[in-house]
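Dear colleague,

Please find the structure handed over below, together with its sequence. My findings follow directly after it.

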Amino acid sequence: PSLLMIVIVIGGILCGVFTATEGSAVAVVYATVLSLFYGSIKIKDIPRIVLDSAKITGTITFMIGLSSIMSWAMAFTGIPDMVAAAVSWYYKQQDLLFFCLINIILLFVGTFMDPTPAILIFTPIFLPICTSLGMNAVQFGIVLCYNLSVGTHYTSGRNHPVYRL
């Protein structure tokens, strides 16, 4: 029955029964029903689970909102272009060193920030620099997501700021 969730979600999306977002809601409902059936959660645990989920969702949504405002303000003032001009002049000859520096910065940022706000903040800063040095935008996106995810992985769990509510 647990593996049937994959068939329900992907089949529903591919058949046009629901969108990907609705598919995630269907997966949550199906997983909740299975968890109740298997006895891994009790009905009395559901309010606590919903409250914890709401706290985490609210925190992440708040961080996304603030990072969007910060990204807009930086783009409005031209900070990414100034940083790109200053850094690309210095690193034109040593682009491999700059790419390693970006990896280290993103790993460090990933240990303290959730990936979604970090992507919204650092993409406008680093993407123009990386494209001027010859990196493809898709490659930069993969490097960005991978480094932030690895950084978050090592700090996830009870000690991550998002989960200390």
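What percentage of the 165 residues in the chain is buried? The share of buried residues is 25%. Please bear in mind that this is a predicted model.

Overall architecture

The chain contains seven helices and zero strands, and its pattern along the sequence reads α-α-α-α-α-α-α. Among contacts with a sequence separation of 6 or more, 67% are between residues 24 or more positions apart. The accessible surface of the chain amounts to about 10,800 Å², and carbon and sulfur atoms account for 73% of that area.

The pairing of α5 and α6

Helix α5 covers residues 95-112 and helix α6 covers residues 115-132. Their axes come within 12 Å of each other and cross at roughly 175°. Because angles over 145 degrees count as roughly antiparallel, α5 is described as roughly antiparallel to α6. On the α5 side, the contact is formed by Phe98, Phe99, Ile102, Ile105, Leu106 and Val109; α6 contributes Ala118, Phe122, Phe126, Ile129 and Cys130. Sorted by class, the residues in this contact are eleven nonpolar, with no polar and no charged ones.

The largest nonpolar core

The largest nonpolar core has 19 residues. Which of them touch the most other members? They are Phe98, Leu106, Phe122, Phe126 and Cys130. At least two residues of this core come from each of α5, α6 and α7, the last of these spanning 137-153. Helix α6 provides the largest share, with seven residues.

Phenylalanine 122 merits a separate remark. Leaving aside residues up to four places away in sequence, phenylalanine 122 touches Leu106, Val109, Met113 and Leu127. Two of the residues named here, Leu106 and Val109, also belong to the α5 side of the contact with α6.

Tyrosine 146

A further residue to inspect is tyrosine 146, which is located in helix α7. Is tyrosine 146 buried or exposed? Its relative accessibility is 58%, and residues count as exposed when this value is over 50%, so tyrosine 146 falls in the exposed class. Tyrosine 146 is separated from leucine 106 by 40 residues in sequence, while their C-alpha atoms are 9.1 Å apart in space. Leucine 106 is also one of the core residues that touch the most other members, and it takes part in the contact of α5 with α6.

With kind regards

Definitions and conventions: Residues numbered from 1 in each chain as written. Predicted model: local features only at pLDDT ≥ 70, side-chain atom pairs only at ≥ 80, totals over all residues. Heavy atoms only, no water. Axes fitted to C-alpha atoms, helices over the stretch in contact; angles between N-to-C directions. Helix = DSSP H or I, 4+ residues; strand = E, 2+ residues; numbered from the N terminus. Parallel < 35°, antiparallel > 145°, perpendicular 65-115°, else oblique. Contact = heavy atoms within 4.5 Å. Nonpolar A, V, L, I, M, F, W, Y, C, P; charged D, E, K, R; others polar. Core = buried A, V, L, I, M, F, W, Y, C linked by side-chain atoms within 4.5 Å. Buried < 20%, exposed > 50% of the residue type's maximum accessible area, 1.4 Å probe, protein only. Areas by Shrake-Rupley, 256 points an atom, 1.4 Å probe, with all protein chains shown as cover.
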